[in-house]
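Please read the following briefing alongside the sequence and the coordinates. It takes up helix packing, then a residue in a loop, and then some points of backbone geometry.

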Amino acid sequence: MVEIIGYIGKRNAIPILLRGLRSLESSEYDSVGIAILSDSLKICKGVGRMDMAVKESDLKNLLGNIGIAHTRRATHGRVCTANAHPHTDCTGRIAIAHNGIISNYKDLKRRLINQGHKFASSTDSEVIAHLIEEKTKRCSSFQNSCIEAFQELEGCYSVLVISEDPRRIAAFRRDMPLAIGLVDHGFIFASSEPAIRELSKRVAYIQNNSMAIACKKEVIMHNI
């Protein structure tokens, strides 16, 4: 099963994300990746189990208190680094980690390519990042860009989104699980409860067709 995990708060995100991923080591996956937001968005990802795909030396420069991580089992596109999550938009300022299926991704991808977007993978997931990027061109906020994008996406999925501007995590679910853990230094999001239970005993679940927007101090819920 694909797993996604995210963190926003006062601490360095990398140890928290790695601990959450290690709690899921019994699950089957073929690639792994991490995106961290500090002064800019930085991504480390690769093929294989975590200790092989993500080297400790590669993580030394990933310092920031906002991040998302992902373990992938291929459903759309072959197993390769380009298809590993997180995926970004054309600007490299938006990153997403996705669990599930986007059933209308071919139509969306075709439209986005016609609008000038360049895709780096053959996954259905990458359309999410580019669709949000496209929405930001006319929406007044990151929140509204995500809402409009999620309204267009069809399928069964959960997704985490981080953006350089603003420094927030957006979390949305449609017919796939997604939970929030409250810790004294911030918030943890995960598609699997064990990844949160490793770090927090205070867990809540995002309602279906709902989005959470989190900063370091609060989470605001929106029904879509």
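**Helix packing and loop geometry**

In this predicted model, helices H4 and H5 cross with a left-handed sense. The contact draws on Tyr105, Leu108, Lys109, Arg111 and Leu112 from H4, and on Val127, His130, Leu131 and Glu134 from H5.

**The H4–H5 pair**
- By character, the residues in the contact of H4 with H5 comprise five nonpolar, one polar and three charged.
- H4 spans residues 105-114 and H5 spans residues 126-136, and the two pack at an angle of about 50° with their axes 10 Å apart; H4 and H5 are therefore oblique to each other.

**Ser200**
- Ser200 sits in the loop between helix H7 (193-197) and strand S11 (202-205), and it counts as buried because its relative accessibility is 4%, the cut-off being under 20%.
- The side chain of Ser200 comes to 2.6 Å from the backbone oxygen of Leu182, and, leaving aside residues up to four places away in sequence, Ser200 touches Gly181, Leu182 and Val183.

**Cis peptide bonds**
- His85 and Pro86 are joined by a cis peptide bond with omega about 0°, and Pro86 lies in the loop between strands S4 (66-72) and S5 (87-88).
- The bond from Asp165 to Pro166 is cis, with omega near 0°, and Pro166 belongs to the loop between strands S7 (155-163) and S8 (168-174).

**Positive phi outside glycine**
- Asp175, which is not a glycine, has a positive phi of about 65°; this residue lies in the loop between S8 and strand S9 (179-183) and, at 48% relative accessibility, counts as partly exposed.
- Asn209, which is not a glycine, has a positive phi of about 60°; this residue lies in the loop between S11 and strand S12 (210-214) and, at 24% relative accessibility, counts as partly exposed.

Terms used. Residues numbered from 1 in each chain as written. Predicted model: local features only at pLDDT ≥ 70, side-chain atom pairs only at ≥ 80, totals over all residues. Heavy atoms only, no water. Axes fitted to C-alpha atoms, helices over the stretch in contact; angles between N-to-C directions. Helix = DSSP H or I, 4+ residues; strand = E, 2+ residues; numbered from the N terminus. Parallel < 35°, antiparallel > 145°, perpendicular 65-115°, else oblique. Left-handed = near helix turned anticlockwise from the far one by under 90°. Contact = heavy atoms within 4.5 Å. Nonpolar A, V, L, I, M, F, W, Y, C, P; charged D, E, K, R; others polar. Buried < 20%, exposed > 50% of the residue type's maximum accessible area, 1.4 Å probe, protein only. Polar contact = N/O pair within 3.5 Å; in protein donor to acceptor, adjacent residues only side chain to side chain.
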